[in-house]
Amino acid sequence: VEGPLNGYDRSKAHIVPNVCRLAVMPGTGATYRPHRDATIYSIWELGIIGWLKARGYQRRVLTSILYLNEEEWSNPINNTDSKPDGNGKVGADTVGGCLRLHPDADPTDCVGETSTHVDVIPNGGTLVIFDATDVLHEVLPTFRDRLTITSWVVGDHRA
C-alpha cells in the first residue's frame with residue numbers, strides 16, 4: 001500500500017512488542033482518569049523527573065485494547081451515572097465501564113473539555129485501536145469486573 005493509511009503516516013517503522021498488559025478492573029467503581037498513552041515531549045519540556053517517568057511511553061504510537069468480557073456487556077452507550085442501585089444490585093443500565101474516547105481534544109486538554117466523545121461498550125471480542133499520542137481517553141466507573149488485554153505498537157514519532 002502506498003501513501004498514508006487514512007492520514008496516519010507519522011512512523012516509518014512499527015514494532016509490536018512481545019509484552020502485553022492483562023488488566024482486571026474490579027467492579028467496585030474502578031476507573032481510569034483521562035490520559036494519553038504516549039508522550040513526545042523532550043527532557044527540556046518535562047524536566048528530568050517527568051521525562052524519566054514517561055520514558056516507557058515515549059515510543060508508543062498506537063494503542064490496541066481487546067475486551068475479554070462476556071460478549072454482551074449490557075450497557076447503554078452513554079451511561080455516565082453507572083452505580084449499583086439502592087439494594088447493591090447491578091442491572092443492565094448500571095454496570096458502566098465504557099471506554100470514553102475524546103478523539104479531537106486539543107493537545108493541552110487533559111480532561112476532554114475541548115472535545116466530543118465516543119463511548120465504546122466493552123463487549124467481549126471488541127478490539128479498539130487508536131493513536132496513543134493524540135487520543136485522550138478514560139474508563140468510566142465500572143460496577144462489573146472488566147477484563148482487557150492491552151498492547152502498544154511502538155515506533156519513531158518523527159515523520
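# Contacts and strand pairing in a predicted model

Modeller: The side chains of Arg100 and His117 are joined by a polar contact of 3.4 Å. The structure is a predicted model.

Biologist: Which other side chain has a polar contact with Arg100, at 2.7 Å?

Modeller: Arg100 belongs to strand S5. Its partner in this contact lies in strand S6. The polar contact of 2.7 Å runs from the side chain of Arg100 to that of Asp119.

Biologist: What kind of charged pair do Arg100 and Asp119 form?

Modeller: Side chains of opposite charge can pair when their charged atoms come close. Here the closest N and O atoms of Arg100 and Asp119 are 2.7 Å apart, and the limit for this class of pair is 4 Å. Arg100 and Asp119 therefore form a salt bridge.

Biologist: How many residues apart in sequence are the parts that this pair ties together?

Modeller: Arg100 sits in strand S5, while Asp119 sits in strand S6, residues 118–120. The pair therefore ties together parts of the chain whose separation in sequence is 19 residues.

Biologist: Are Arg100 and Asp119 buried or exposed?

Modeller: The relative accessibility of Arg100 is 10%, and that of Asp119 is 7%. The cut-off for this class is under 20%. Both Arg100 and Asp119 therefore count as buried.

Biologist: How far is Arg100 from Thr116 in space, C-alpha to C-alpha?

Modeller: In sequence, Arg100 and Thr116 are 16 residues apart. In space, the distance between their C-alpha atoms is 10.0 Å.

Biologist: How many bridges join S5 to S6?

Modeller: The two strands run antiparallel. Leu101 has Val118 of S6 opposite to it. The number of bridges joining S5 to S6 is three.

Biologist: Which are the edge strands of the open sheet with the order S3-S8-S5-S6?

Modeller: This open sheet has four strands, with antiparallel pairing. Each edge strand pairs on one side only. The edge strands are strand S3, residues 30–35, and S6.

Biologist: By what angle are neighbouring strands of this sheet turned against each other on average?

Modeller: The sheet in question is the open one with the order S3-S8-S5-S6. With direction ignored, the average turn between neighbouring strands is 25°.

Biologist: What are the bridge partners of Leu62 in S9 and S7?

Modeller: S4 pairs with S9 over seven bridges, in the antiparallel sense. Five bridges join S4 to strand S7, residues 127–131, and these also run antiparallel. The partner of Leu62 in S9 is Val153, and in S7 the partner of Leu62 is Asp131.

Biologist: Which residue meets Glu70 in a salt bridge?

Modeller: The structure holds two salt bridges. In this one, the N to O distance is 3.2 Å. The side chain that meets Glu70 is that of Arg144.

Biologist: How many residues separate Glu70 and Arg144?

Modeller: Glu70 lies in the loop between strand S4 (60–67) and strand S5 (99–102). Arg144 lies in the loop between strand S8 (136–142) and strand S9 (146–155). The pair links distant parts of the chain, at a separation of 74 residues.

Biologist: Is Arg144 exposed or partly exposed?

Modeller: Its salt-bridge partner Glu70 has a relative accessible area of 55% and is exposed. The relative accessible area of Arg144 is 21%, so Arg144 is partly exposed.

Biologist: Over which ring does the charged end of Arg144 sit?

Modeller: The distance from the charged end of Arg144 to the ring centre is 4.7 Å, within the limit of 6 Å. The ring belongs to Trp73.

Biologist: At what distance from the ring centre does Arg60 lie over the face of Trp152?

Modeller: The limit for a charge over a ring is 6 Å from the centre. Arg60 lies over the face of Trp152 at 3.6 Å.

Biologist: How far apart in space are Val19 and Ser151?

Modeller: Val19 lies in the loop between strand S1 (14–15) and strand S2 (21–25). Its relative accessible area is 57%, so Val19 is exposed. Val19 and Ser151 are 132 residues apart in sequence, and their C-alpha to C-alpha distance is 7.2 Å.

Biologist: What percentage of the residues of the chain count as buried?

Modeller: The chain comes to one helix and nine strands, in the order β-β-β-α-β-β-β-β-β-β from the N terminus on. It has 159 residues, and the buried portion is 38%.

How values were computed:
Residues are numbered from 1 along each chain as its sequence is written. This is a predicted model: local features need pLDDT of at least 70, side-chain atom pairs count only at pLDDT 80 or more; totals for chains, interfaces and linings use all residues. Side-chain values use heavy atoms; hydrogens and water are left out. A charge sits over a ring if NZ of Lys or CZ of Arg is within 6 Å of the ring centre and within 35 degrees of the ring normal. Buried means under 20% relative accessible area, exposed over 50%, partly exposed in between (1.4 Å probe, protein chains only). Two strands pair if DSSP finds at least two bridges between them. Axes are lines fitted to C-alpha atoms, for helices over the stretch in contact, and angles run from 0 to 180 degrees between N-to-C directions. A polar contact is a pair of N or O atoms within 3.5 Å; within protein, one must be able to donate a hydrogen and the other to accept it, and residues adjacent in sequence count only if both atoms are side-chain atoms.
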